[in-house]
Amino acid sequence: MDSLRCLTAAVALGLAASFSTRAVEAQSSSPHVIIVKMVDMPNAQFAFQPAAVVAQRGDTVRFVQASSAPHDVAFRSTPKGAKLGAASTSPYLIAPGQSYDLVIDSRFPDGAYTFVCEPHEGMGMRGTLTVGAPAR
Ligand SMILES: [Cu+2]
């Protein structure tokens, strides 16, 4: 009886181990890097391009400086439960090609986020981030 229980436990452990290995593989193969450029607009204004981003947890949103003026990324609204901490406002991106990676991890629960560039918010430099399944 004892040996049977032992065998059952060993099989259960083995199954758990193979499941968790598969979960790690699935996670490491799926994340994406989503590029958002900070650009000059023809009307002497600035924009995030694209201005609407959809990400899954594990993805990275990479903001890239492609403009003549410094920009940042400051969140204005977040879903309940979001704990962005230091990610709530980015450093300024100044040099061409300089980038800022925002890792969409457990700080970012599913939902709708809005962000702006602080100096250019009044000029319409705003964006949205949706974490979760793409809206259809
Ligand atoms: Cu800006």
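1. What arrangement do the four donor atoms around the copper ion make? In this predicted model, the angles they subtend run from 88 to 128°, and the arrangement is therefore tetrahedral. The cut-off applied here is that all angles lie between 85 and 135 degrees. As a reference, the ideal angle for four tetrahedral donors is 109.5 degrees.

2. The donors themselves are two histidine nitrogens and two sulfur atoms: ND1 of His-71, SG of Cys-117, ND1 of His-120 and SD of Met-125. Their distances to the copper ion are 1.9 to 2.8 Å. Along the chain, the donor residues follow the spacing H-x45-C-x2-H-x4-M.

3. On solvent exposure of the sulfur ligands: Cys-117 has 0% relative accessibility and so counts as buried. Met-125 is likewise buried, its relative accessible area being 0%. The threshold for calling a residue buried is under 20%.

4. Turning to the fold, an open sheet is built from four strands, ordered S2-S1-S4-S6, with mixed pairing. Strand S2 (46-49) and strand S6 (99-103) lie at the edges, each pairing on one side only. From one strand to the next, the twist averages 20°.

5. Which strand pairs with S6, and in what sense? Strand S4, residues 60-66, does so in the antiparallel sense, over five bridges. Within this pairing, Phe-63 has Tyr-100 of S6 as its bridge partner. In general, strands of a sheet pair through backbone hydrogen bonds, either parallel or antiparallel.

Terms used
Residues numbered from 1 in each chain as written. Predicted model: local features only at pLDDT ≥ 70, side-chain atom pairs only at ≥ 80, totals over all residues. Heavy atoms only, no water. Donors = N, O, S within 2.8 Å, 3.2 Å for Na, K, Ca; no water. Tetrahedral: all angles 85-135°; square planar, octahedral: opposite > 155°, others 65-115°. Buried < 20%, exposed > 50% of the residue type's maximum accessible area, 1.4 Å probe, protein only. Pairing = 2+ DSSP bridges. Helix = DSSP H or I, 4+ residues; strand = E, 2+ residues; numbered from the N terminus. Axes fitted to C-alpha atoms, helices over the stretch in contact; angles between N-to-C directions.
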